[in-house]
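Hi everyone, thanks for coming. I'd like to walk you through one structure today, so let me put it on the screen.

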Amino acid sequence: MYLGLSPHTRYVWRHRRLGPPSFRMGTRGRVMYRREFLDAWIQEQEQADSRSNARLSPLS
């Protein structure tokens, strides 16, 4: 797993539109994620976290 998240977490995030962009593919509608979208989403999460972004830190 690229993100290290359980299938249940990914399902809930997708249902609530909180997680990375995804799409369905194939006759069974398998949920897929493009790696570049995952990387961009991870970077967005990192920038939104005050521990990773000094501009958002309440200590500065």
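Let's start with a pocket: the second largest one has a volume of about 180 Å³. By pocket I mean, on a 1 Å grid over the protein atoms alone, an open set of points with protein on both sides within 12 Å along at least five of seven lines, and lining residues have an atom within 4 Å of a point. Grid points are joined across faces, edges and corners, and a volume is the space filled by probe spheres set on the points.

Before I go on, some housekeeping. This is a predicted model, where local features need pLDDT of at least 70, side-chain atom pairs count only at pLDDT 80 or more, and totals for chains, interfaces and linings use all residues. Residues are numbered from 1 along each chain as its sequence is written, and side-chain values use heavy atoms, with hydrogens and water left out.

Back to that pocket. Which residues line the second largest pocket? They are Pro 7, Arg 10, Tyr 11, Arg 14, His 15, Arg 24, Val 31 and Tyr 33. Sorted by class, that lining has four nonpolar, one polar and three charged residues. Here Ala, Val, Leu, Ile, Met, Phe, Trp, Tyr, Cys and Pro are nonpolar, Asp, Glu, Lys and Arg are charged, and the others, Gly among them, are polar. Helix α1 gives the most to this lining, with five residues.

There's also a cavity, meaning a set of grid points where a 1.4 Å probe fits but cannot get out. Searching the whole structure turns up one cavity of 30 Å³ or more, and about 30 Å³ of space lies in the largest cavity. Its lining is Leu 3, Arg 10, Trp 13, Arg 14, Gly 19, Pro 20 and Tyr 33, which divides into four nonpolar, one polar and two charged.

Now the overall layout. The protein chain has two helices and two strands, in the order α-β-β-α along the sequence. These are DSSP runs numbered from the N terminus: helices are H or I, at least four residues, and strands are E, at least two. The radius of gyration, taken over C-alpha atoms, is 14 Å, well over the 10 Å that the globule rule gives for 60 residues, so the chain is more spread out than a compact globule. That rule is 2.2 Å times the number of residues to the power 0.38. Along the principal axes, the C-alpha atoms fill a box of roughly 50 × 20 × 20 Å.

How much of the chain is buried? Of the 60 residues, 12% count as buried; the cut-offs are under 20% relative accessible area for buried, over 50% for exposed, and partly exposed in between, with a 1.4 Å probe and protein chains only. Helix α1, residues 7-16, has zero buried residues out of ten, so it lies largely in the open.

Right after α1 comes Arg 17, in the loop between α1 and β1. Its phi is near 60°, a positive value in a residue other than glycine. Most residues other than glycine have a negative phi. Arg 17 is exposed, at 77% relative accessible area.

Last one: Phe 23, in strand β1. At 30% relative accessibility, Phe 23 is partly exposed. Leaving out residues up to four places away in sequence, Phe 23 touches Arg 14, Arg 30, Val 31, Met 32, Tyr 33 and Arg 34, where contact means heavy atoms within 4.5 Å.
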